[in-house]
Amino acid sequence: MTQHERQGTAREVLGAFTRLGLTSFGGPIAHLGYFRDELVARRRWITDEGYAELVALAQFLPGPASSQVGFALGMHRAGLLGGLAAVAAFTLPSAALLVLAALAAPQLAAAVGAPLAAGLIDGLMIVAVAVVLHAVIGMARTLAPDRRRAAIALGAGLLVLLVGAGWATLLAIAAGAGLGLLLCRGGGVPAAGSVSIPISRRSGAVCLAIVAGLLLVLPVLAAVVPSTALTVADGFFRAGALVFGGGHVVLPLLEAAVVEPGLVTAEQFLAGYGAAQAVPGPLFTIAAFLGASIAPGAEGLLLAGVALAAIFLPGLLLMVGVLPFWGALQGRPMVAALVRGANAAVVGVLAAALVTPVATSALLDPRLTATAGVDVLALALAAICAVLLIVVRAPAWAVVLVGAGGGLLLAAF
């Protein structure tokens, strides 16, 4: 039996992914690079072909791609317990830091004064402008590299901006998938690798049925039962189940889930998004920040746990559900064309989110009539952060520090 085939233990997986959860900065693409270096090249848990197969599958599924790949790697190494250990170790460090940040925000405001605390939040919101701009540029190069997919992206962005409702995001992605089927055939399909995760088709079907059932049942329960926890579970589960393209693209769905109903303010939302750039691990752990921001004390901790579990659960269930059927689906050009179109639409959706709520909340001030509402100093700070990310290629956490410090300076002067 080769090392690639030898089974490990959940404890071994926990140790490896704890290290990754504490050091993996830079977003899902960077995370996949860290995984390969640590688990394919160094530990040799899986072959390059098998790893590529898992990455390809995660790109076909909604949810947090890096967490789904980590979950599958953990299952490949040590079964279901290994998968759960991988997710917990990769997710909890950043989630804990973001919960602490959310709970400390009121105390910070009292300690440093409201203007400086507001400046810190403004700085994090400005960082979010640069981060989303960076994501749009990078994803456009990869997911909309030709005229047809660029047109799909442009149409999706215009649809979201013109309609202005949360459901427009889902409509845009669905329309993009349909256009992909018509316009994006002929790009080839991923090659199969060798992944050893023994999941029966019956188990896979049960997991897919659970996702579908919760998507139907949770909105009804949230409407009938007056419970903040159910409202949070419904909104975050839907975001985790329906978003394609990774952490940044979940922004508009989460905004619809928590800002539109008034659970958190737009300022809190974007401050959490900025803070999430400063911690390692998956960006989906912003759910912990948002849940903790909804209510103080123990209730906030409970809602953080509900939000975190709800946003990750559908992606993990979908991974288990699709794995037994992946070999057959992977070889079908129609499936690949659908995904190309959906991915191109994701670029447009993210670009629309860059316009609103990200840029409008961070850079516009209605009191500044001389500059049509644009805060020139905030715009300059956003440009500096963007240059650091895109040109200098500074790490995201360093740019967050620059943005936060700049926000404090703007507040002070």
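**Warm-up: is Q68 buried or exposed?**

Let's take this one step by step.

- Step 1. Q68 has a relative accessible area of 0%. Buried means under 20%, exposed over 50%, and partly exposed in between, with a 1.4 Å probe and protein chains only.
- Step 2. Q68 therefore counts as buried.
- Step 3. Helix α4 is where Q68 lies. Helices (H or I, at least four residues) and strands (E, at least two) are DSSP runs, numbered from the N terminus.
- Step 4. Leaving aside residues up to four places away in sequence, Q68 touches A58, L61, P62, G63, G315 and M319. Contact here means heavy atoms within 4.5 Å.
- Step 5. A polar atom of the Q68 side chain lies 2.9 Å from the backbone oxygen of P62.

Before going on, here is some background. This is a predicted model, in which local features need pLDDT of at least 70 and side-chain atom pairs count only at pLDDT 80 or more, while totals for chains, interfaces and linings use all residues. Residues are numbered from 1 along each chain as its sequence is written, and side-chain values use heavy atoms, with hydrogens and water left out.

**Exercise 1. Describe the protein chain as a whole.**

- Step 1. Begin with the helices and strands: the protein chain has 17 helices and zero strands.
- Step 2. Turn to burial. The protein chain has 413 residues, and 50% of them count as buried.
- Step 3. Look at the contacts between residues at least 6 apart in sequence: 75% of them join residues at least 24 apart.
- Step 4. Finish with the surface. The accessible surface of the protein chain is about 17,800 Å², and 69% of it belongs to carbon and sulfur atoms. Accessible areas come from the Shrake-Rupley method with a 1.4 Å probe; for residues, only the protein chains shown count as cover.

**Exercise 2. Trace the ring pairs around F35.**

- Step 1. Searching the whole structure gives three aromatic pairs. Rings of Phe, Tyr and Trp (its six-membered ring) pair if their centres lie within 6.5 Å; planes under 30 degrees apart count as stacked, over 60 as edge-to-face and the rest as tilted.
- Step 2. One of the pairs is F17 with F35, which is edge-to-face, at 5.5 Å centre to centre and 70° between the planes.
- Step 3. Helix α1 (residues 10-23) holds F17 and helix α2 (residues 28-42) holds F35, so this pair ties together parts that are 18 residues apart in sequence.
- Step 4. Check burial: F17 is buried, at 0% relative accessible area, and F35 is buried, at 0%.
- Step 5. F35 also pairs with F90: the ring centres are 5.2 Å apart and the planes stand at 65°, so this pair is edge-to-face.
- Step 6. F90 belongs to helix α4 (residues 65-112) and F35 to helix α2, so the pair ties together parts that are 55 residues apart in sequence. F90 is buried, with a relative accessible area of 1%.
- Step 7. Put the pieces together: ring pairs link F17, F35 and F90 into a cluster.

**Exercise 3. Find the salt-bridge partners of E38, then look at D234.**

- Step 1. Side chains of opposite charge can pair when their charged atoms come close. A salt bridge is a side-chain nitrogen of Lys or Arg within 4 Å of a carboxyl oxygen of Asp or Glu.
- Step 2. The whole structure has six salt bridges. Among them is R19 with E38, whose closest N and O atoms are 3.7 Å apart.
- Step 3. This pair links distant parts of the chain, with R19 in helix α1 and E38 in helix α2, 19 residues apart.
- Step 4. Compare exposure: R19 is partly exposed at 45% relative accessibility, whereas E38 is buried at 7%.
- Step 5. E38 also meets R42 in a salt bridge (2.6 Å, N to O). R42 and E38 are four residues apart in helix α2, so about one helical turn separates them. R42 is partly exposed, with a relative accessible area of 48%.
- Step 6. Now turn to D234, which forms a salt bridge with R238, the closest N and O atoms being 2.6 Å apart.
- Step 7. Both D234 and R238 lie in helix α9 (residues 228-242), four residues apart, about one turn of the helix. D234 is buried at 9% relative accessibility, while R238 is partly exposed at 32%.
- Step 8. Return to E38 for the network: salt bridges that share partners join R19, E38, R42 and R43.

Note on methods
A polar contact is a pair of N or O atoms within 3.5 Å; within protein, one must be able to donate a hydrogen and the other to accept it, and residues adjacent in sequence count only if both atoms are side-chain atoms.
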